[in-house]
Amino acid sequence: MSERNTFIRSLHDIGLGAWFGGSLMGVVGLNGGAATAREPSERLAVASAGWAKWTPVQLGAMAIHGIGGAGLIFANKSRLLAQPESRTNTIVKASITLAAIGTSVYSGILGARIAKNAEEGGQGVTEPFASSSDELESAQSQQKVLQWVTPALTLVLIVLAAQQGEQQRPLAGLVAAKLRKVTGK
């Protein structure tokens, strides 16, 4: 029986890569670029249009990552039972994945609020004018912080996935398991 999981690992990694990269590019490139528009009302409209076009891709990336992650858990269930470090890593990754899903969804909700008030314009995509409505100012202020949280969380997921890859080395895992058995640690 093959121990390779190339297809599901690829789903996991491609989905996570797109989720991380798209979120980071959106903050730096899309929001940064839209903030340079001459007309303040265009700043929010352009950023909102770009994020609306990205949303289906991001949802797909999140779903693909989730399918790949669940497939890897299933494929490695015996290793997860035998290796406490891998089990802990998987629990932490699942928790951070849920947090990243939550920040992505809430960021989308805030983006919809910003789009709804786009005609008010802004100093930047996440910087309101003094005259901005309370709804727009609240959404922009929250988005200013939240826009960085999803890329940060997905970056942590990339690092944890790399760590799991290291834990999966057959010889290293076997030696570590044998040492734990012998030393009782």
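Trp54 sits in helix H2, a good place to start a walk through this predicted model. Setting aside neighbours within four places in sequence, Trp54 is in contact with Ala18 and Gly22. Its C-alpha atom is 8.6 Å from that of Gly26, a residue 28 places away along the chain.

Two leucines belong to the same part of the story. Leu59 is again a residue of helix H2, and at 49% relative accessibility it counts as partly exposed, because the cut-off for exposed is over 50% and that for buried is under 20%. Between the C-alpha atoms of Leu59 and Ile101 there are 9.3 Å, with 42 residues separating the pair along the chain. Leu72, also found in helix H2, has a relative accessibility of 11%, so it counts as buried. Once the neighbours within four places in sequence are left out, Leu72 is in contact with Asn5, Ile8, Arg9 and His12. As for Asn5, its C-alpha lies 7.4 Å from that of Leu72, although the two are 67 residues apart in sequence.

Over in helix H1 there is Val27, which counts as buried because its relative accessibility is 7%. Val27 touches Gly32, Trp51, Gln147 and Trp148, residues up to four places away in sequence not being counted. The C-alpha atoms of Val27 and Thr126 are separated by 10.0 Å, and the two positions lie 99 residues apart in terms of chain separation.

Next comes the largest pocket, which holds about 500 Å³ of space. Its lining is made up of 28 residues, and Trp51, Thr55, Ser107, Gly108 and Gln143 are the ones nearest the centre. The elements giving two or more residues to this lining are helix H1 (6–34), helix H2 (40–75), helix H4 (84–116) and helix H5 (134–167). H2 supplies the largest share, at ten residues. Sorted by class, the lining splits into 14 nonpolar and 14 polar residues, with no charged ones.

Helix H4 can be checked for length. With 33 residues at 1.5 Å each, H4 should span 48 Å, and since its end C-alpha atoms are 48 Å apart, the expected and modelled values agree. The buried residues of H4 are Ser86, Asn89, Thr90, Lys93, Ile96, Thr97, Ala100, Thr103, Ser104, Ser107, Leu110 and Ile114. In an α-helix there are 3.6 residues a turn, so residues three or four places apart point the same way. What covers the buried residues of H4 includes H1, H2, helix H3 (77–82) and H5. Ser107 turns up twice here, being one of the buried residues of H4 and one of those nearest the centre of the largest pocket.

The last stop is Gln140, placed in helix H5. Gln140 has a relative accessible area of 0%, so it is buried. Its side chain reaches the backbone oxygen of Val125 at 3.1 Å. Val125 is also among the residues that Gln140 touches; not counting residues up to four places away in sequence, the others are Leu44, Ile114, Gly122, Gly124, Thr126, Glu127, Pro128 and Ser132. Of these, Ile114 is listed among the buried residues of H4, and Thr126 is the partner in the C-alpha separation of 10.0 Å given for Val27.

Notes: Residues are numbered from 1 along each chain as its sequence is written. This is a predicted model: local features need pLDDT of at least 70, side-chain atom pairs count only at pLDDT 80 or more; totals for chains, interfaces and linings use all residues. Side-chain values use heavy atoms; hydrogens and water are left out. On a 1 Å grid over the protein atoms alone, a cavity is a set of points where a 1.4 Å probe fits but cannot get out, and a pocket is an open set with protein on both sides within 12 Å along at least five of seven lines; lining residues have an atom within 4 Å of a point. Grid points are joined across faces, edges and corners, and a volume is the space filled by probe spheres set on the points. Helices (H or I, at least four residues) and strands (E, at least two) are DSSP runs, numbered from the N terminus. Ala, Val, Leu, Ile, Met, Phe, Trp, Tyr, Cys and Pro count as nonpolar, Asp, Glu, Lys and Arg as charged, and the others, Gly among them, as polar. Buried means under 20% relative accessible area, exposed over 50%, partly exposed in between (1.4 Å probe, protein chains only). A polar contact is a pair of N or O atoms within 3.5 Å; within protein, one must be able to donate a hydrogen and the other to accept it, and residues adjacent in sequence count only if both atoms are side-chain atoms. Contact means heavy atoms within 4.5 Å. The expected span of a helix is 1.5 Å times one less than its number of residues.
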